[in-house]
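User: Happy to look at this one together. Could you show me the model and explain what each label rests on?

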Amino acid sequence: MAEAKKNSEALNYGSFRSVVLTNHQCIFERKADNERVLVAINADAEPYTAHFDAGCGMATDLLTGEAHDFGGGSELPPYSAAFWLMEK
């Protein structure tokens with residue numbers, strides 16, 4: 001996580017916008033001129049599927065390097081965090 005934050009203009013200097021907020025989940029956006037990152041946290045023992053307008057179809061997870069498809073909702077495993085670098 002430290003490496004992802006260190007190399008991200010949006011995570012260091014970007015504006016903040018709350019996207020999803022529940023008792024156990026939080027998804028927020030950090031946005032700078034050249035990039036947009038969604039941070040997704042699930043602090044529950046159960047998986048959670050978030051349905052929201054991501055403003056694009058795909059992202060890259062900055063922690064795993066895996067592609068993330070927003071179609072059909074975004075499943076967050078129990079006790080997890082994701083940093084999604086949004087496609088332009």
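Analyst: Gladly. Let's begin with pairing: two strands count as paired if DSSP finds at least two bridges between them. Please keep in mind that this is a predicted model.

User: How do you know that β2 and β3 pair?

Analyst: Seven bridges link β2 and β3, in the antiparallel sense. The cut-off is at least two bridges, so β2 and β3 count as a pair. To find one spot along the pairing, look at Cys26, which stands opposite Ile41 in β3. The two strands also form a hairpin, and four residues lie between them.

User: What makes β1 and β2 a pair?

Analyst: Here six bridges join the strands, which run antiparallel. With a requirement of at least two, β1 and β2 therefore pair. Ser15 has Lys31 of β2 opposite it, and the hairpin made by β1 and β2 has three residues in between.

User: How do you know that β3 is joined to β8?

Analyst: Six bridges connect β3 (residues 36-42) with β8 (residues 80-86), and the two run antiparallel. That satisfies the rule of at least two bridges, so β3 and β8 are paired. Asn42 stands opposite Ser80 in β8.

User: What is the order of the strands in the open sheet?

Analyst: The six strands are arranged β1-β2-β3-β8-β5-β6, and the pairing is antiparallel. From one strand to the next the twist averages 30°.

User: Why are β1 and β6 said to stand at the edges?

Analyst: β1 (15-21) and β6 (67-69) each have a single partner strand, so one side of each is left without a neighbour in the sheet.

User: How many bridges join β5 to β6, and how many join β5 to β8?

Analyst: β5 has three bridges to β6 and three to β8, antiparallel in both cases. Each count meets the cut-off of at least two, so β5 pairs with both strands. Ala59 is a handy residue to follow: its bridge partner in β6 is His68, and in β8 Ala59 stands opposite Met86. The hairpin of β5 and β6 has five residues between the strands, and there Gly65 takes a positive phi near 80°.

User: What makes the side chains of β5 alternate?

Analyst: Along β5 (residues 58-61), Ala59 and Asp61 point to one face and are buried. Met58 and Thr60 point to the other face and are not buried.

User: Why is β2 described as largely enclosed?

Analyst: Of the seven residues of β2 (residues 25-31), five are buried, so the strand is largely enclosed by the rest of the structure.

User: Why is His68 called buried?

Analyst: The relative accessible area of His68 is 13%, and buried means under 20%. His68 therefore falls in the buried class. The residue sits in strand β6.

User: What makes the approach of His68 to Ser74 a polar contact?

Analyst: The side chains of His68 and Ser74 come to 2.9 Å. The limit for a pair of N or O atoms is 3.5 Å, so this distance is within it.

User: Why does Pro47 count as partly exposed?

Analyst: Pro47 has 46% relative accessibility. Exposed would need over 50% and buried under 20%, so Pro47 belongs in between. You will find Pro47 in the loop between β3 and β4 (48-50).

User: Which backbone nitrogens does the side chain of Glu35 reach?

Analyst: Glu35, in the loop between β2 and β3, has a polar side-chain atom 2.7 Å from the backbone nitrogen of Glu9. The Glu35 side chain also reaches the backbone nitrogen of Ala10, at 2.8 Å.

User: Which residues line the largest pocket?

Analyst: Among them are Asp61, His68, Leu76, Ser80 and Trp84. The volume of this pocket is about 170 Å³. β6, β7 (74-76) and β8 are the elements that give two or more residues to the lining, and β8 gives the most, with four.

User: How does the lining of the largest pocket divide by class?

Analyst: Six lining residues are nonpolar, three are polar and three are charged.

Terms used:
Residues are numbered from 1 along each chain as its sequence is written. This is a predicted model: local features need pLDDT of at least 70, side-chain atom pairs count only at pLDDT 80 or more; totals for chains, interfaces and linings use all residues. Side-chain values use heavy atoms; hydrogens and water are left out. Axes are lines fitted to C-alpha atoms, for helices over the stretch in contact, and angles run from 0 to 180 degrees between N-to-C directions. On a 1 Å grid over the protein atoms alone, a cavity is a set of points where a 1.4 Å probe fits but cannot get out, and a pocket is an open set with protein on both sides within 12 Å along at least five of seven lines; lining residues have an atom within 4 Å of a point. Grid points are joined across faces, edges and corners, and a volume is the space filled by probe spheres set on the points. Ala, Val, Leu, Ile, Met, Phe, Trp, Tyr, Cys and Pro count as nonpolar, Asp, Glu, Lys and Arg as charged, and the others, Gly among them, as polar. Buried means under 20% relative accessible area, exposed over 50%, partly exposed in between (1.4 Å probe, protein chains only). A polar contact is a pair of N or O atoms within 3.5 Å; within protein, one must be able to donate a hydrogen and the other to accept it, and residues adjacent in sequence count only if both atoms are side-chain atoms.
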